[in-house]
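Could you walk me through the main pocket of this protein and the ligand that goes with it? A short tour in plain words would be welcome, with the enclosed space in the protein covered as well.

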Amino acid sequence: MSSVVPSTRGETLAATLEPITVGTSPLGKRAERGDLLADAMLASPYRQLDTSNNYAEGESERLLGAAIRRRGGLPADKVIFSKVDADPVTGVLDADRVRRSFDETRERLGLDTLPLLHFHDPYMLEVTDAMAPGGPVSALIALRDEGAVGAIGIAAGKRSLMEEYVRTDAFDAVLNHNRWTLVDRSADTLWNLATERRMTVFNAAPFGGGILAGSTTRGPKYAYSEASRDLLQFIDRLEALAGEWGIELAAAAVQFSLADPRIHSTVVGMSSIARLESLPGLVSAEIPDGFWEGFRALGTPPASPAA
Ligand SMILES: NC(=O)c1ccc[n+]([C@@H]2O[C@H](COP(=O)([O-])OP(=O)(O)OC[C@H]3O[C@@H](n4cnc5c(N)ncnc54)[C@H](OP(=O)(O)O)[C@@H]3O)[C@@H](O)[C@H]2O)c1
């Protein structure tokens, strides 16, 4: 008999998901007009948008909400997932803050309910405190019981913390980032733990924040941190291999995540309309077997800065 608690809500949500979720953390941060990008996200072929209370200090949700209002409501073919965040002034993430964070999200988006709300980056808390009666996770569970949200998720980076949260069996979904890419496979155990529980699995940041798509915006960083020389050399070898096979490394990066059956949706950060328009081509690009053979021959990547 299985010792884990399967999440029927996780399974139900996963069944509705399309392979790509548009990541909106860059929305509101760039020079390009955010209103136009938000409009383009709502008009795009992609069904799911991932935002958070704290992306661009709330601007990501505000821009999405304004775009929703311009269209007279959320288009029937779109869903928005958001996350509760600590108070930006005090850093507190308790049960009251969970309620306030969600109320802010609802007001900005102009939506009463969401299909999924994540507990976001709770690095300031011990898992036992977060899970205690009257604690922040109990407030999330209450929102789900009240029908304000369809499902609840845990969304963060640090592997050991994520595994601990998943083992609580309290969540329906998990979102982890930068740890299942061409150069980092460290989310393997996390994906297995989530799969055993039939949770919905989101793999975010398949480009490691941009570097695996050839972006130079963040400089020589992987997972938002300085990459080692060894890792940069490994990425150079990947780029050379992609060049030999006449493909874009970005296409291989996104398809690496799409190919894993444990992952229900891959969350790709979209910083501009041009990036959004290039995504279908990356998803559908033909990647020759020879590229993947060469990729496997490169062996285990050097350690990434993502712990
Ligand atoms: N804790 C969490 O819950 C958490 C953490 C991380 C991410 N996420 C979610 O996952 C999403 C994705 O993460 P991410 O945006 O940090 O990383 P990512 O998806 O690995 O990389 C996105 C960046 O790659 C670059 N890019 C995109 N398409 C490209 C293309 N065709 N060619 C070249 N460069 C391209 C863009 O940067 P430039 O335009 O600057 O070049 C873009 O901002 C986020 O938006 C967010 O929704 C959640």
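## The largest pocket

At least two residues of the lining of the largest pocket come from each of β5, β6, α10 (249–258), β10 and α11. Of these, α11 makes the biggest contribution, giving five residues to that lining. Please keep in mind as you look around that this is a predicted model.

The volume of the largest pocket is about 1,000 Å³. It is lined by 47 residues, and those closest to its centre are S25, G209, R218, Y224 and G269. Sorted by class, the lining holds 22 nonpolar, 15 polar and ten charged residues.

## The ligand in its place

Where does the ligand sit? Its place is the largest pocket. Two or more residues of the shell around the ligand are given by each of β5 (152–156), β6 (173–177), β10 (265–269) and α11 (273–284). So much for the elements; now to the residues themselves. There are 33 residues around the ligand, and the nearest are D50, S215, T217, Y224 and S271. The shell divides into 15 nonpolar, 13 polar and five charged residues.

Y224 is worth a second look: this residue is among those closest to the centre of the largest pocket, and it is also among those that come nearest to the ligand. A polar side-chain atom of Y224 also lies 2.5 Å from an oxygen atom of the ligand. Here is that contact beside two others, each of which involves an oxygen atom of the ligand.

| Residue | Atom on the protein side | Distance to a ligand oxygen atom |
|---|---|---|
| Y224 | polar side-chain atom | 2.5 Å |
| R275 | polar side-chain atom | 2.6 Å |
| F207 | polar backbone atom | 2.8 Å |

How much of the ligand does the protein bury? Taken alone, the ligand exposes 900 Å², and 94% of that is buried by the protein.

## An enclosed space

Besides the pocket, there is a cavity to visit. The count of cavities of 30 Å³ or more comes to one, and the space in the largest cavity is about 40 Å³. Its lining is made up of G209, G210, I211, S215, T217, R218, G219 and K221. By class, these residues divide into one nonpolar, five polar and two charged.

Several of these names may sound familiar. G209 and R218 line the largest cavity, and both are among the residues closest to the centre of the largest pocket. Likewise, S215 and T217 belong to the cavity lining, and they are among the residues that come nearest to the ligand.

Methods. Residues numbered from 1 in each chain as written. Predicted model: local features only at pLDDT ≥ 70, side-chain atom pairs only at ≥ 80, totals over all residues. Heavy atoms only, no water. 1 Å grid on protein atoms, 1.4 Å probe; cavity = no way out; pocket = protein on both sides within 12 Å on 5 of 7 lines; lining within 4 Å. Points joined across faces, edges and corners; volume = space filled by probe spheres on them. Nonpolar A, V, L, I, M, F, W, Y, C, P; charged D, E, K, R; others polar. Near = heavy atom within 4 Å. Polar contact = N/O pair within 3.5 Å; in protein donor to acceptor, adjacent residues only side chain to side chain. Areas by Shrake-Rupley, 256 points an atom, 1.4 Å probe, with all protein chains shown as cover. Sits in = over half its atoms within 2 Å of the grid points. Helix = DSSP H or I, 4+ residues; strand = E, 2+ residues; numbered from the N terminus.
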